[in-house]
Amino acid sequence: MASVVIIEDEQRIRELVARVLADRGHDVESTATAMEGLQAVVRASPELVILDMGLPDLDGAELLKMIRAVSDVPIIVATARNEDRDVIRTLDAGADDYLVKPFSVDQLEARVRAVLRRTGSEGRDGPLAVGDLVIDVGAREARLSGKPIDLSPKEFDVLRFLAERPGDVVSKRELLAEVWRQPYGGSEKTVDVHISWLRKKLGETAAESKYLQTVFGVGVKLVDPDE
Ligand code: CA
């Protein structure tokens with residue numbers, strides 16, 4: 001549970017996001033303009049900000065810089081600007097994650113969970129554990145039953161992304177967007193190849209999967225095989 005400030009001028013989206021997060025037990029404050037949003041961030045010192053990039057009184061990117069000047073609060077940017085270049089620019093400007101509109105409630109919840117887990121006081125760079133698989137995010141090391149696994153940077157990033165949301169099915173498209181930062185380009189084959197390399201290193205195959213389970217036509221999830 002966290003305190004969240006939502007800055008979004010579109011009433012329908014603002015109310016939806018506020019309701020979804022309030023239902024999850026978060027303490028939500030929502031504002032419709034950049035200036036109110038900035039005031040709310042300064043006053044409430046929230047643990048998370050969800051920021052729409054297209055605001056009536058100020059460009060979201062400008063507001064992002066202003067918030068960053070006064071606060072390290074995690075920021076998830078919601079944007080309709082779906083070009084890679086804009087996404088990268090936003091992340092470079094200090095956003096922690098982004099949502100491309102239109103986004104689903106599931107996507108919103110997954111992003112909020114992941115950002116809070118990454119930045120939360122308890123989970124900051126701490127190891128992620130799924131069964132006997134332990135991923136030390138800070139050290140970028142993975143161990144299976146205590147033995148280090150030799151992973152390439154991308155393999156590590158895929159495993160980490162899945163381990164941050166154990167049991168959740170993640171689509172190849174989402175992995176391309178998150179790990180390869182290619183929300184609209186890229187080949188799903190790339191993901192297939194990395195998943196198959198990861199399987200080999202985890203001592204399993206597609207036919208006899210343990211940790212990495214493919215959900216046909218949907219994606220892949222990381223599970224504790226002993227559960
Ligand atoms: Ca807007």
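How many bridges join β8 to strand β9? Keep that in mind while you look through these close-ups of a predicted model; View 3 has the answer.

**View 1. Three residues hold on to a calcium ion.** Look for D9 and D52, which each offer an OD atom, and G54, which offers its O. These protein donors sit 2.2 to 2.3 Å from the calcium ion. Read along the chain, and the donors follow the spacing D-x42-D-x1-G. D9 is in the loop between β1 (3-7) and α1 (11-23), while D52 belongs to strand β3 (residues 48-52), so this pair ties together parts that are 43 residues apart in sequence. Are these two aspartates buried or exposed? D9 has 33% relative accessibility, so it counts as partly exposed. D52 has just 5%, so it counts as buried.

**View 2. β7 meets β8 in a hairpin.** Strand β7 (residues 133-136) pairs with β8 in the antiparallel sense, over 4 bridges. To find your way around, pick out I135: its bridge partner in β8 is A142. Between the two strands of this hairpin come 4 residues, and R140 takes a positive phi near 50 degrees.

**View 3. β8 turns again to meet β9.** Back to the opening question: 3 bridges join β8 to strand β9 (residues 147-149), and the two run antiparallel. Here L144 stands opposite K147 of β9. This hairpin has 2 residues between its strands, and S145 in the turn shows a positive phi of about 50 degrees.

**View 4. The side chains of β8 take turns.** Now follow strand β8 itself, residues 141-144. Which of its side chains are buried? They are A142 and L144, which point to one face. E141 and R143 point to the other face and are not buried. You've met both buried residues already: A142 is the bridge partner of I135, and L144 stands opposite K147.

**View 5. The second largest pocket lies between two domains.** This pocket has a volume of about 300 Å³. Its lining is made of 14 residues, and R118, R160, F161, E178 and R181 lie nearest the centre. Helpful landmarks are α5 (105-119) and α6 (153-163), the elements that give two or more residues to the lining. What classes of residue make up the lining? There are 10 charged and 4 nonpolar residues, with no polar ones. Why does the pocket lie between domains? Domain 1 (3-119) and domain 2 (127-222) both give residues to its lining, so the pocket lies between them.

Note on methods. Residues numbered from 1 in each chain as written. Predicted model: local features only at pLDDT ≥ 70, side-chain atom pairs only at ≥ 80, totals over all residues. Heavy atoms only, no water. Donors = N, O, S within 2.8 Å, 3.2 Å for Na, K, Ca; no water. Buried < 20%, exposed > 50% of the residue type's maximum accessible area, 1.4 Å probe, protein only. Pairing = 2+ DSSP bridges. 1 Å grid on protein atoms, 1.4 Å probe; cavity = no way out; pocket = protein on both sides within 12 Å on 5 of 7 lines; lining within 4 Å. Points joined across faces, edges and corners; volume = space filled by probe spheres on them. Nonpolar A, V, L, I, M, F, W, Y, C, P; charged D, E, K, R; others polar. Domains from an automatic or database assignment.
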